[in-house]
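Colleague: Could you take me through one part of this model in some detail? I'd like to hear about a single helix and what sits around it.

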Amino acid sequence: MNRQEKVYTPLGLYVHVPFCATQCDYCAFYKEPPFRQNLEHYLRALLLEIQTIHDERTFDTIYFGGGTPGILPPKAIDQIAKILHSKMHKIPLEWTVEIAPNTVSIEKLQHWKAAGINRISMGIQSFNEAILHTLGRKQTSQQIFHAYELVRSVGFTNVGIDLIFSAPGQTSKQLLDDLSTAIALNPEHISTYCLTYEDDTILKNKLGNGSDENRDHDFYGMICEFLETNGYGQYEISNFCKGNYASAHNRNTWLMYEWIGVGPSASSQYHGLRYTNIASLNRWATGIENNAPERTDVIKLTKKTLAIDEIIFGLRMNKGVDMEKNIFRQEVAYLVDDLQTQGLLAKEKQHIRLTPQGRLLCDAIAKEFFNALE
Ligand SMILES: C[S@@+](CC[C@H](N)C(=O)[O-])C[C@H]1O[C@@H](n2cnc3c(N)ncnc32)[C@H](O)[C@@H]1O
Ligand code: SF4
(Lines give C-alpha, C1' and ligand atoms only; values in the text may rest on other atoms or scores of the structure.)
(Ligands and ions follow the chains in the order given, each with its own letter.)
Protein backbone atom coordinates (compact mmCIF):
# COMPACT_ATOMS: atom_id res chain seq x y z
CA MET A 1 0.00 0.00 0.00
CA ASN A 2 1.52 3.38 -0.91
CA ARG A 3 1.25 6.46 1.30
CA GLN A 4 -1.69 7.92 -0.58
CA GLU A 5 -3.72 4.75 -0.15
CA LYS A 6 -3.12 4.71 3.60
CA VAL A 7 -6.46 5.14 5.38
CA TYR A 8 -6.42 7.52 8.36
CA THR A 9 -7.71 5.96 11.56
CA PRO A 10 -8.41 8.09 14.63
CA LEU A 11 -6.25 7.86 17.74
CA GLY A 12 -7.58 8.30 21.27
CA LEU A 13 -5.79 8.84 24.57
CA TYR A 14 -7.18 7.57 27.87
CA VAL A 15 -5.61 8.89 31.08
CA HIS A 16 -6.53 6.96 34.23
CA VAL A 17 -6.44 9.09 37.38
CA PRO A 18 -6.70 6.57 40.22
CA PHE A 19 -7.66 8.82 43.14
CA CYS A 20 -10.94 9.21 44.98
CA ALA A 21 -11.64 11.34 48.03
CA THR A 22 -14.22 8.83 49.24
CA GLN A 23 -15.09 5.23 48.46
CA CYS A 24 -18.50 4.43 46.89
CA ASP A 25 -19.90 1.09 48.06
CA TYR A 26 -20.63 -0.24 44.55
CA CYS A 27 -17.36 0.68 42.86
CA ALA A 28 -14.76 -1.80 41.65
CA PHE A 29 -12.53 0.59 39.70
CA TYR A 30 -8.85 0.78 40.66
CA LYS A 31 -8.25 3.72 42.98
CA GLU A 32 -6.04 4.95 45.81
CA PRO A 33 -6.48 7.56 48.54
CA PRO A 34 -5.29 10.99 47.32
CA PHE A 35 -2.33 11.31 49.74
CA ARG A 36 0.22 13.92 48.66
CA GLN A 37 2.94 11.31 48.27
CA ASN A 38 0.70 9.16 46.03
CA LEU A 39 -0.25 12.14 43.88
CA GLU A 40 3.36 13.22 43.43
CA HIS A 41 4.52 9.72 42.55
CA TYR A 42 1.64 9.35 40.09
CA LEU A 43 2.34 12.65 38.40
CA ARG A 44 6.06 11.97 37.93
CA ALA A 45 5.40 8.59 36.33
CA LEU A 46 2.46 9.83 34.26
CA LEU A 47 4.52 12.60 32.66
CA LEU A 48 7.21 10.05 31.84
CA GLU A 49 4.67 7.62 30.37
CA ILE A 50 3.16 10.34 28.16
CA GLN A 51 6.70 11.22 26.99
CA THR A 52 7.10 7.66 25.66
CA ILE A 53 4.23 8.11 23.18
CA HIS A 54 5.44 8.60 19.63
CA ASP A 55 2.84 8.63 16.91
CA GLU A 56 2.69 10.83 13.86
CA ARG A 57 -1.03 11.30 14.42
CA THR A 58 -2.34 13.86 16.88
CA PHE A 59 -4.94 12.70 19.44
CA ASP A 60 -8.43 13.01 18.00
CA THR A 61 -9.95 12.55 21.44
CA ILE A 62 -8.66 12.53 25.02
CA TYR A 63 -10.53 11.10 28.00
CA PHE A 64 -9.45 11.61 31.62
CA GLY A 65 -11.27 8.91 33.61
CA GLY A 66 -11.01 7.44 37.05
CA GLY A 67 -11.13 7.39 39.85
CA THR A 68 -11.80 11.07 40.03
CA PRO A 69 -9.67 13.15 37.65
CA GLY A 70 -11.49 16.21 38.98
CA ILE A 71 -9.54 15.73 42.20
CA LEU A 72 -6.21 16.77 40.62
CA PRO A 73 -4.84 20.06 41.96
CA PRO A 74 -4.50 22.98 39.49
CA LYS A 75 -0.71 22.65 39.30
CA ALA A 76 -0.98 18.98 38.25
CA ILE A 77 -3.63 19.86 35.64
CA ASP A 78 -1.28 22.45 34.14
CA GLN A 79 1.69 20.06 34.08
CA ILE A 80 -0.25 17.26 32.38
CA ALA A 81 -1.80 19.66 29.88
CA LYS A 82 1.59 21.15 29.03
CA ILE A 83 3.13 17.81 28.15
CA LEU A 84 0.05 16.75 26.19
CA HIS A 85 0.14 19.96 24.16
CA SER A 86 3.76 19.23 23.27
CA LYS A 87 2.51 15.94 21.74
CA MET A 88 -0.36 17.40 19.71
CA HIS A 89 -0.61 19.48 16.56
CA LYS A 90 -4.01 20.85 17.61
CA ILE A 91 -6.61 20.71 20.40
CA PRO A 92 -8.49 17.41 20.12
CA LEU A 93 -11.98 17.36 18.73
CA GLU A 94 -13.18 16.16 22.12
CA TRP A 95 -11.32 16.32 25.45
CA THR A 96 -13.30 15.00 28.41
CA VAL A 97 -12.66 14.99 32.12
CA GLU A 98 -14.73 13.03 34.63
CA ILE A 99 -15.56 14.93 37.78
CA ALA A 100 -17.41 14.04 40.99
CA PRO A 101 -19.59 16.78 42.52
CA ASN A 102 -17.91 16.66 45.94
CA THR A 103 -14.45 17.60 44.61
CA VAL A 104 -15.31 20.40 42.18
CA SER A 105 -13.95 23.92 42.55
CA ILE A 106 -14.14 26.95 40.30
CA GLU A 107 -10.34 27.22 40.24
CA LYS A 108 -9.86 23.64 39.02
CA LEU A 109 -12.59 24.04 36.40
CA GLN A 110 -10.90 27.17 35.11
CA HIS A 111 -7.61 25.31 34.78
CA TRP A 112 -9.30 22.45 32.90
CA LYS A 113 -10.91 24.97 30.57
CA ALA A 114 -7.66 26.84 29.97
CA ALA A 115 -5.93 23.52 29.27
CA GLY A 116 -8.31 22.87 26.35
CA ILE A 117 -10.81 20.49 27.95
CA ASN A 118 -14.14 20.93 26.18
CA ARG A 119 -16.32 18.23 27.72
CA ILE A 120 -17.24 17.46 31.33
CA SER A 121 -18.66 14.15 32.49
CA MET A 122 -20.17 14.39 35.95
CA GLY A 123 -20.91 11.34 38.09
CA ILE A 124 -24.25 12.09 39.70
CA GLN A 125 -25.76 8.58 40.08
CA SER A 126 -28.92 9.82 41.81
CA PHE A 127 -30.38 13.04 43.15
CA ASN A 128 -32.21 11.15 45.87
CA GLU A 129 -30.44 11.38 49.23
CA ALA A 130 -31.76 8.01 50.45
CA ILE A 131 -30.52 6.26 47.29
CA LEU A 132 -27.16 8.02 47.47
CA HIS A 133 -26.90 6.72 51.03
CA THR A 134 -27.80 3.17 49.96
CA LEU A 135 -25.11 3.35 47.27
CA GLY A 136 -22.57 4.64 49.78
CA ARG A 137 -22.05 7.68 47.57
CA LYS A 138 -20.86 10.48 49.83
CA GLN A 139 -22.45 13.53 48.24
CA THR A 140 -25.58 15.59 48.75
CA SER A 141 -28.04 16.72 46.11
CA GLN A 142 -27.10 20.30 47.03
CA GLN A 143 -23.46 19.56 46.16
CA ILE A 144 -24.61 18.17 42.79
CA PHE A 145 -26.60 21.29 41.85
CA HIS A 146 -23.81 23.58 43.03
CA ALA A 147 -21.16 21.64 41.06
CA TYR A 148 -23.30 21.66 37.92
CA GLU A 149 -23.80 25.40 38.22
CA LEU A 150 -20.05 25.95 38.59
CA VAL A 151 -19.36 23.87 35.48
CA ARG A 152 -21.78 25.96 33.43
CA SER A 153 -20.56 29.23 34.93
CA VAL A 154 -17.04 28.49 33.70
CA GLY A 155 -18.45 28.13 30.20
CA PHE A 156 -18.48 24.40 29.48
CA THR A 157 -21.07 23.82 26.77
CA ASN A 158 -20.75 20.04 26.49
CA VAL A 159 -21.70 18.38 29.77
CA GLY A 160 -22.65 14.77 30.36
CA ILE A 161 -24.06 13.27 33.53
CA ASP A 162 -24.00 9.66 34.77
CA LEU A 163 -26.93 8.07 36.56
CA ILE A 164 -27.22 4.63 38.16
CA PHE A 165 -30.61 2.89 38.21
CA SER A 166 -32.00 -0.12 40.09
CA ALA A 167 -30.33 0.70 43.41
CA PRO A 168 -31.68 -1.53 46.21
CA GLY A 169 -35.27 -0.51 46.95
CA GLN A 170 -35.51 2.11 44.18
CA THR A 171 -39.12 2.61 43.10
CA SER A 172 -40.28 3.55 39.61
CA LYS A 173 -41.39 6.93 40.98
CA GLN A 174 -37.90 7.57 42.36
CA LEU A 175 -36.43 6.63 38.99
CA LEU A 176 -38.75 9.01 37.14
CA ASP A 177 -37.94 11.76 39.66
CA ASP A 178 -34.22 11.27 38.99
CA LEU A 179 -34.81 11.43 35.24
CA SER A 180 -36.99 14.54 35.52
CA THR A 181 -34.36 16.30 37.66
CA ALA A 182 -31.65 15.24 35.20
CA ILE A 183 -33.38 16.73 32.17
CA ALA A 184 -34.27 19.88 34.10
CA LEU A 185 -30.51 20.50 34.36
CA ASN A 186 -30.42 20.33 30.58
CA PRO A 187 -27.12 18.44 30.05
CA GLU A 188 -26.03 17.61 26.51
CA HIS A 189 -25.48 13.93 27.36
CA ILE A 190 -26.92 11.39 29.82
CA SER A 191 -25.48 7.94 30.61
CA THR A 192 -27.61 5.52 32.62
CA TYR A 193 -26.07 2.38 34.11
CA CYS A 194 -27.92 -0.48 35.77
CA LEU A 195 -26.33 -1.06 39.19
CA THR A 196 -23.89 -3.97 38.97
CA TYR A 197 -23.05 -5.88 42.11
CA GLU A 198 -19.31 -6.17 41.49
CA ASP A 199 -17.19 -8.71 43.37
CA ASP A 200 -15.22 -7.44 46.36
CA THR A 201 -17.29 -4.29 46.77
CA ILE A 202 -18.81 -3.13 50.06
CA LEU A 203 -22.25 -3.32 48.41
CA LYS A 204 -21.91 -6.95 47.34
CA ASN A 205 -20.35 -7.98 50.64
CA LYS A 206 -23.33 -6.39 52.40
CA LEU A 207 -26.18 -7.48 50.13
CA GLY A 208 -24.89 -10.31 47.93
CA ASN A 209 -26.26 -10.11 44.41
CA GLY A 210 -29.32 -7.95 44.81
CA SER A 211 -30.17 -7.72 41.08
CA ASP A 212 -33.77 -8.10 40.03
CA GLU A 213 -33.78 -8.80 36.31
CA ASN A 214 -37.46 -8.03 35.76
CA ARG A 215 -37.21 -4.68 37.50
CA ASP A 216 -34.00 -3.86 35.60
CA HIS A 217 -35.78 -4.50 32.29
CA ASP A 218 -38.83 -2.47 33.30
CA PHE A 219 -36.66 0.44 34.47
CA TYR A 220 -34.52 0.32 31.35
CA GLY A 221 -37.62 0.47 29.15
CA MET A 222 -38.89 3.45 31.16
CA ILE A 223 -35.56 5.26 30.83
CA CYS A 224 -35.37 4.80 27.05
CA GLU A 225 -38.93 6.02 26.59
CA PHE A 226 -38.57 8.97 28.97
CA LEU A 227 -35.30 10.23 27.54
CA GLU A 228 -36.36 9.80 23.91
CA THR A 229 -39.59 11.67 24.60
CA ASN A 230 -37.60 14.48 26.18
CA GLY A 231 -35.17 15.04 23.34
CA TYR A 232 -32.32 12.67 24.27
CA GLY A 233 -31.71 10.25 21.43
CA GLN A 234 -30.26 6.89 22.35
CA TYR A 235 -27.07 6.03 20.47
CA GLU A 236 -25.71 3.20 22.63
CA ILE A 237 -27.13 0.79 25.19
CA SER A 238 -26.35 3.14 28.12
CA ASN A 239 -25.93 6.47 26.34
CA PHE A 240 -28.30 9.22 25.25
CA CYS A 241 -27.62 12.68 23.92
CA LYS A 242 -29.07 15.78 22.38
CA GLY A 243 -28.28 16.48 18.73
CA ASN A 244 -24.79 15.37 17.83
CA TYR A 245 -23.33 15.32 21.35
CA ALA A 246 -22.52 11.59 21.30
CA SER A 247 -19.14 10.90 22.92
CA ALA A 248 -16.63 10.71 20.08
CA HIS A 249 -14.01 9.07 22.29
CA ASN A 250 -16.24 6.20 23.38
CA ARG A 251 -17.67 5.79 19.88
CA ASN A 252 -14.16 5.41 18.44
CA THR A 253 -13.32 2.69 20.96
CA TRP A 254 -16.56 0.83 20.18
CA LEU A 255 -15.68 1.08 16.50
CA MET A 256 -12.39 -0.70 17.34
CA TYR A 257 -10.13 2.24 16.46
CA GLU A 258 -6.85 2.66 18.33
CA TRP A 259 -6.35 4.27 21.69
CA ILE A 260 -3.46 4.53 24.11
CA GLY A 261 -4.15 4.24 27.83
CA VAL A 262 -1.79 5.77 30.39
CA GLY A 263 -1.87 5.51 34.19
CA PRO A 264 -2.31 2.44 36.38
CA SER A 265 -5.05 0.03 35.21
CA ALA A 266 -5.53 1.89 31.89
CA SER A 267 -6.17 -0.30 28.84
CA SER A 268 -4.83 0.29 25.35
CA GLN A 269 -5.62 -0.97 21.90
CA TYR A 270 -2.59 -0.02 19.92
CA HIS A 271 -0.19 -1.34 17.31
CA GLY A 272 -1.96 -4.68 17.00
CA LEU A 273 -2.12 -5.33 20.75
CA ARG A 274 -4.68 -4.93 23.50
CA TYR A 275 -3.27 -4.69 27.02
CA THR A 276 -3.84 -3.23 30.47
CA ASN A 277 -1.37 -1.38 32.67
CA ILE A 278 -0.88 -3.05 36.03
CA ALA A 279 -3.53 -1.93 38.56
CA SER A 280 -1.05 -0.83 41.21
CA LEU A 281 0.27 2.70 41.54
CA ASN A 282 3.69 1.60 42.78
CA ARG A 283 4.23 -1.25 40.34
CA TRP A 284 2.98 0.82 37.40
CA ALA A 285 5.21 3.78 38.35
CA THR A 286 8.27 1.57 38.93
CA GLY A 287 7.75 -0.07 35.54
CA ILE A 288 7.55 3.29 33.80
CA GLU A 289 10.58 4.65 35.68
CA ASN A 290 12.65 1.60 34.69
CA ASN A 291 11.48 1.71 31.10
CA ALA A 292 9.86 -1.71 31.61
CA PRO A 293 6.09 -1.11 31.77
CA GLU A 294 4.22 -3.83 33.64
CA ARG A 295 1.20 -4.92 31.59
CA THR A 296 -1.45 -7.58 31.99
CA ASP A 297 -4.00 -9.24 29.69
CA VAL A 298 -1.85 -8.74 26.62
CA ILE A 299 -3.73 -9.96 23.55
CA LYS A 300 -2.48 -9.93 20.01
CA LEU A 301 -5.27 -8.49 17.88
CA THR A 302 -6.05 -10.79 15.02
CA LYS A 303 -8.54 -10.17 12.23
CA LYS A 304 -10.73 -12.68 14.03
CA THR A 305 -10.67 -10.83 17.40
CA LEU A 306 -11.44 -7.51 15.74
CA ALA A 307 -14.25 -8.96 13.63
CA ILE A 308 -15.90 -10.55 16.71
CA ASP A 309 -15.56 -7.33 18.71
CA GLU A 310 -16.87 -5.28 15.81
CA ILE A 311 -20.11 -7.28 16.06
CA ILE A 312 -20.33 -7.38 19.85
CA PHE A 313 -19.56 -3.69 20.45
CA GLY A 314 -21.32 -2.60 17.25
CA LEU A 315 -24.58 -4.17 18.40
CA ARG A 316 -24.43 -2.01 21.54
CA MET A 317 -24.83 1.03 19.30
CA ASN A 318 -28.25 1.92 17.90
CA LYS A 319 -26.68 2.30 14.49
CA GLY A 320 -25.69 -1.38 14.56
CA VAL A 321 -23.07 -3.11 12.41
CA ASP A 322 -22.46 -3.20 8.70
CA MET A 323 -21.72 -6.89 8.10
CA GLU A 324 -20.78 -6.34 4.45
CA LYS A 325 -17.05 -6.53 5.17
CA ASN A 326 -17.18 -8.66 8.32
CA ILE A 327 -15.36 -11.96 7.79
CA PHE A 328 -17.95 -13.79 9.90
CA ARG A 329 -20.96 -12.76 7.82
CA GLN A 330 -21.70 -16.32 6.75
CA GLU A 331 -20.98 -17.94 10.12
CA VAL A 332 -23.51 -15.81 11.98
CA ALA A 333 -26.18 -15.77 9.27
CA TYR A 334 -28.24 -18.45 11.07
CA LEU A 335 -28.09 -16.53 14.36
CA VAL A 336 -29.05 -13.28 12.64
CA ASP A 337 -32.11 -15.02 11.07
CA ASP A 338 -33.03 -16.58 14.37
CA LEU A 339 -32.84 -13.28 16.30
CA GLN A 340 -34.73 -11.54 13.53
CA THR A 341 -37.55 -14.09 13.78
CA GLN A 342 -37.70 -13.44 17.53
CA GLY A 343 -38.01 -9.70 16.88
CA LEU A 344 -34.73 -8.98 18.67
CA LEU A 345 -32.72 -7.89 15.65
CA ALA A 346 -33.48 -5.93 12.48
CA LYS A 347 -31.67 -6.43 9.19
CA GLU A 348 -31.50 -4.15 6.18
CA LYS A 349 -29.34 -5.51 3.37
CA GLN A 350 -26.12 -6.41 5.25
CA HIS A 351 -26.72 -3.99 8.12
CA ILE A 352 -27.86 -5.43 11.46
CA ARG A 353 -28.99 -3.69 14.63
CA LEU A 354 -30.85 -4.60 17.80
CA THR A 355 -34.51 -3.72 18.13
CA PRO A 356 -35.67 -1.99 21.36
CA GLN A 357 -36.67 -5.49 22.59
CA GLY A 358 -33.22 -6.82 21.64
CA ARG A 359 -31.48 -4.00 23.50
CA LEU A 360 -33.03 -5.27 26.74
CA LEU A 361 -31.16 -8.54 26.14
CA CYS A 362 -27.99 -7.03 24.73
CA ASP A 363 -25.54 -8.91 26.99
CA ALA A 364 -27.21 -12.29 26.38
CA ILE A 365 -27.27 -11.68 22.61
CA ALA A 366 -23.59 -10.64 22.63
CA LYS A 367 -22.81 -13.91 24.41
CA GLU A 368 -24.64 -15.87 21.70
CA PHE A 369 -22.53 -14.22 18.98
CA PHE A 370 -19.39 -14.78 20.99
CA ASN A 371 -20.16 -18.48 21.56
CA ALA A 372 -21.02 -18.93 17.88
CA LEU A 373 -17.62 -17.55 16.82
CA GLU A 374 -15.18 -18.67 19.51
C1 LIG B 1 -15.52 5.19 35.67
S2 LIG B 1 -16.79 5.67 36.73
C3 LIG B 1 -15.97 7.10 37.32
C4 LIG B 1 -16.79 8.34 37.53
C5 LIG B 1 -16.43 9.17 38.74
N6 LIG B 1 -15.42 8.57 39.50
C7 LIG B 1 -17.64 9.33 39.63
O8 LIG B 1 -17.97 8.34 40.28
O9 LIG B 1 -18.19 10.40 39.66
C10 LIG B 1 -17.98 6.12 35.54
C11 LIG B 1 -19.38 5.74 35.88
O12 LIG B 1 -19.54 4.34 35.97
C13 LIG B 1 -20.73 4.07 36.71
N14 LIG B 1 -20.48 2.96 37.63
C15 LIG B 1 -19.40 2.72 38.38
N16 LIG B 1 -19.55 1.57 39.07
C17 LIG B 1 -20.78 1.07 38.76
C18 LIG B 1 -21.52 -0.09 39.16
N19 LIG B 1 -21.04 -0.97 40.03
N20 LIG B 1 -22.74 -0.29 38.59
C21 LIG B 1 -23.24 0.61 37.71
N22 LIG B 1 -22.59 1.71 37.30
C23 LIG B 1 -21.37 1.95 37.82
C24 LIG B 1 -21.09 5.35 37.45
O25 LIG B 1 -22.26 5.91 36.87
C26 LIG B 1 -19.91 6.24 37.19
O27 LIG B 1 -20.24 7.59 37.15
S1 SF4 C 1 -17.67 5.59 41.64
FE2 SF4 C 1 -16.18 7.13 41.05
S3 SF4 C 1 -15.92 8.39 42.93
FE4 SF4 C 1 -16.90 6.51 43.58
S5 SF4 C 1 -15.20 5.22 44.25
FE6 SF4 C 1 -15.65 4.71 42.09
S7 SF4 C 1 -14.30 5.92 40.89
FE8 SF4 C 1 -14.31 6.80 42.96
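Modeller: Let's go through helix H11, then step back to the domains and the ligands. Bear in mind that this is a predicted model.

The domain assignment splits the protein chain into domain 1 (3–253) and domain 2 (303–373). H11 covers residues 303–314, twelve residues in total. At 1.5 Å a residue the helix should span 16 Å, and that agrees with its end C-alpha atoms, which are 16 Å apart.

Now, which residues of H11 are buried? They are Ile308, Glu310, Ile311 and Gly314. Looking down the axis of H11, you'd find these buried residues within an arc of 155°, so they line one face of the helix. In general, an α-helix has 3.6 residues a turn, so residues three or four places apart point the same way. As for what covers the buried residues of H11, the list includes strand S13 (321–322) and helix H14 (362–373).

Phenylalanine 313 is also in H11, but this residue counts as partly exposed, because it has 16 C-beta neighbours inside 10 Å, and being buried would take 20 or more. Leaving out residues up to four places away in sequence, phenylalanine 313 touches Trp254 and Met256. Histidine 351 is 38 residues from phenylalanine 313 in sequence, and their C-alpha atoms are 14 Å apart in space.

Stepping back to the domains, the centres of domain 1 and domain 2, taken over C-alpha atoms, are separated by 28 Å. Where they meet, eight residues of domain 1 are in contact with seven residues of domain 2. On the domain 1 side, helix H8 (213–229) and strand S7 (233–236) each supply at least two residues, and H8 gives the largest share, with four residues. By type, that side of domain 1 has four nonpolar residues, three polar and one charged.

Last, the ligands. Ligand 1 has 17 residues around it, and Ala100, Gly123, Asp162, Tyr193 and Thr196 come nearest. Strands S2 (61–66), S4 (119–125) and S5 (159–165) are the elements that give two or more residues to this shell. The shell around ligand 1 is made up of seven nonpolar, seven polar and three charged residues. Around ligand 2 the residues include Cys20, Cys24, Cys27 and Lys31, as well as Ala100 and Gly123. Five residues of the ligand 2 shell are nonpolar, five are polar and one is charged.

Key. Residues numbered from 1 in each chain as written. Chains lettered and ligands numbered in written order. Predicted model: local features only at pLDDT ≥ 70, side-chain atom pairs only at ≥ 80, totals over all residues. Near = placed C-beta within 6 Å. Nonpolar A, V, L, I, M, F, W, Y, C, P; charged D, E, K, R; others polar. Domains from an automatic or database assignment. Contact = placed C-beta atoms within 7 Å. Expected span 1.5 Å × (residues − 1). Buried ≥ 20, exposed ≤ 12 C-beta atoms within 10 Å, placed from the backbone. Arc of directions from axis to C-beta.
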